[in-house]
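User: Could you walk me through this structure, one question at a time? I would like the cut-offs along the way.

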Amino acid sequence: MTSFLKRFFTVFAISLLVTFQGLLPSATLALDTDIYAINPRPNVAILFDTSGSMGFGIYDSSVDYKSVYTNACAQQAAGNYNYTAYDNFYANSSGGVNNLYYQTFISHTGISEDQWLDLEPNEIVLIKGDLKVITYNDAAGNLKSQTGDTGDIEIIWYCANHKKTFTKLENGEIVRLNETDAPRLSVNGAEQTIYLDNAPLPLDRSIVLTNTQVYEDNTTVDLGFVGLLDAPGCYFSGYGDNYDGDPAATGVISENNDTEAYFLATGNWVYMRLAYQLFDRPNLSSLNYYIANQYNILANHTIPSSITWSEKNLATAITSPNYSANYDGIRQTIKCGEIIQLGAVKIKLHFSELDLYSGDAKDTLEIRDKETGDTIGEITHSSNSSEGFYSAEFVVTGTYSRGLEIYLVTDGKDTVGKGFKIDGYSYTANTSEYTMKTRLDATREAILFVVDDTRGQINWALAGFAPTEQNVFADGADIKQPFNPEQANDDLVRENIVQQLEKFVPYGGTPLGESMQDIFNHFHDKDKDFSECSRQFCILISDGYPTTDTKWDRMDTVVTIGD
C-alpha cells in the first residue's frame, strides 16, 4: 500500500538496521574476547501501542475516495428504509454521523445543484476540525504546537464551513484551481515556504513545499507540505476557529486549549473522512471500528482500484555464481539472493541478461516465497535474452516477509550457460481491490520486516499494553516475547512474535509511562544477567505521546514513533 505510515516504517526499519550495524562488532576489527561474550548482540524491546486509536484507518492517496463516497450515498440501505446512507443514518441511529453536512458534498436527491459542493480530489481546502490545540514552549524556549488525533473517528469536521484556497496539487507543485479566483496559497520565493493569504503559517507551522529525505538504500520520503498532503493528507494551519482570511486579525491564531482549528487538506482526504465516518455511533462502545453493519461503507465493501507498479533498482545485483563466466554444471541447488519488499503482493524480476543452457539440460531458476519457502514459479532457458526484460509476475503469499528467494538449480551435466544478472524489480502493493488498513495492520508488517532483516544480530523482545485480550483497560506493559527465553532460537522467537502480533487488537487507553517502566524492569530482570549485552534499546511504536515519569535515561536509546 502507498500510505505514509507504511513508507515511514519502511524507512525507519532501514535506518534502524544501519544504526545496529554500526554498533555490532566488525568482522575485521573484532577483538578475540568478543567470541567469549555471553551475549554480544543488542537487546531491543519493542513496545507496541495497542490502544484503541491504533484501530483508526489509514488514508491512501492512491484511492479515489470521492467515488467511494458517491457510491455510499447512492446505495439503498438494507431493511425497510428507502433512504441513502446519509438519510438513514441521520434519521435512525441515535444522532447519526458525526458530520451533519454530508449532503452538501455530493449530488443528492432533493438538493439542487447550486446547493452542493464538488471538490476536486487534488484541490486544497481549509477544513475546520473539532480538535483540541495545545501550545507550549520546550526546554529550549521554542514554541511548539500539537493537536488532537486527526485520525480519530469521533472528531467532528465542519465540512460545510470549509474555505477554498483556489489551488490544487499538480506534479508536486501548487497551481491555480481556475483562472477566475485568486489563489490563496502560494510558495514564497527562494525559501519555498508555504504562504497562506500572503503570510507564513503562524506558531511553529512554517513548512517548505518539499523536503525530501534520502536514506541509505536510496529510499526517499518527502516531509514537506506536498509529502504530508499526499499522506497523511492534512496539515494543521496554525489558525483557529475565528480565521477568515486575514492573518493579521486579532484572535485568529490558535492558542492553548482552543477546541476548533483549521487544517489544510486535499479534497480526496475530505471525501475519505466523509466515507470513513459513515458508522453507527453506538458501535463506538465496542471500540471495533470495523464491525460489519450496513452503514460502514469502508468495512463492508472492497473498493475497485487500478494496479500500479513501482520500479526499484538493486544496489547490488543478484547474479549466478561466477557471472559473467559460466556457472558450474555440477548438480546443485544454490541460493543466489533474495528480494524483500514491504507490502508487496506481486513482484516481477528485471534481468539485464539471462543465459541458461538451452539444450537438453534442465537448469532453471527456482523462485520461492521468502516466508513460506514454497516454490511459486520457475524461469527456464525459454526466457534467455541478452537484453533487459521483466519476468512474469510472482504472487507473494507470505503474511509479513514480503519477498522472493532466487535459487539456481542445475542438473549435473557439463553443458552450462553464462548465467544471469538481476539488477532490479517491479512490485505492486495492491491487487484489483482496496480495503482500508489500520495503523495496527501497517505496524505489524513493519515490525516483522525489521525482525526478519536482523535475524541472528539482535535479541528481540515484544510487549503490548496489558492486558490485550481481556475486556478491561490497559495497565502497563504485557511482555509477549521475553529476552533470551529458555531453549529458544531466532526462528522460534520470530514464530512467537508473529503469533503474538496477530493477537493484538486495538483497545483501551495509552499507559506509556507505566509501560516504559515495565520495559525498564524487564531489561533489569533480577533473574537474568544482561550486563554483557553490547547495547540496550527500547523502540516505542505509538500514536500517543510519552510522559516523563520513567527511567529512560538508564537505557542507551529510546525511539518514539508518533502519529
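**Helix 5 and its surroundings**

Analyst: Let's begin with helix 5, where G267, N268, W269, V270, Y271, M272, R273, L274, A275 and Y276 are buried. Buried means under 20% relative accessible area, exposed over 50%, and partly exposed in between (1.4 Å probe, protein chains only). Helices (H or I, at least four residues) and strands (E, at least two) are DSSP runs, numbered from the N terminus. This is a predicted model, in which local features need pLDDT of at least 70 and side-chain atom pairs count only at pLDDT 80 or more, while totals for chains, interfaces and linings use all residues. Residues are numbered from 1 along each chain as its sequence is written, and side-chain values use heavy atoms, with hydrogens and water left out.

User: Is helix 5 largely enclosed or open, and how many of its residues are buried?

Analyst: Helix 5 is largely enclosed by the rest of the structure. That follows because the buried residues number 10 of the 10.

User: Which helix or strand gives the most to the largest nonpolar core?

Analyst: A nonpolar core is a set of buried Ala, Val, Leu, Ile, Met, Phe, Trp, Tyr and Cys residues joined through side-chain atoms within 4.5 Å. The largest one here has 28 residues, and Y65, I127, W157, F263, W269, V270 and M272 have the most contacts inside it. At least two core residues come from each of helix 2 (65-74), strand 2 (123-129), strand 5 (157-170), strand 12 (234-240), strand 13 (261-266) and helix 5 (267-276). With seven residues, the one that gives the most is helix 5.

User: How many residues does the second, separate core have?

Analyst: L365, F394, F420 and Y425 are included in this second core. Its count is 24 residues.

User: Why does the pair of Y59 and Y65 count as stacked?

Analyst: Rings of Phe, Tyr and Trp (its six-membered ring) pair if their centres lie within 6.5 Å; planes under 30 degrees apart count as stacked, over 60 as edge-to-face and the rest as tilted. By this rule there are 10 aromatic pairs. For Y59 and Y65 the ring centres are 5.6 Å apart, and the pair is stacked because the planes are at 25°.

User: What sequence separation does the F236 and F263 pair tie together?

Analyst: Both F236 and F263 are buried, and they belong to one aromatic cluster with W157 and W269. Their ring centres are 5.4 Å apart with planes at 40°, so the pair is tilted. F236 lies in strand 12 and F263 in strand 13, so the parts tied together are 27 residues apart.

User: Which rings does K348 sit over?

Analyst: A charge sits over a ring if NZ of Lys or CZ of Arg is within 6 Å of the ring centre and within 35 degrees of the ring normal. K348 lies over the face of one ring at 4.1 Å from its centre, that of W309. Its charged end also sits 5.5 Å from the centre of another ring, that of Y390.

User: Which residue is the bridge partner of A45 in strand 25?

Analyst: Two strands pair if DSSP finds at least two bridges between them. Strand 1 (residues 43-48) and strand 25 are parallel, with five bridges. Strand 25 (residues 459-465) is largely enclosed, because seven of its seven residues are buried. The partner of A45 there is A461.

User: And which residue in strand 26 stands opposite G464?

Analyst: Strand 26 (residues 477-481) runs antiparallel to strand 25, joined by four bridges. Opposite G464 stands D478.
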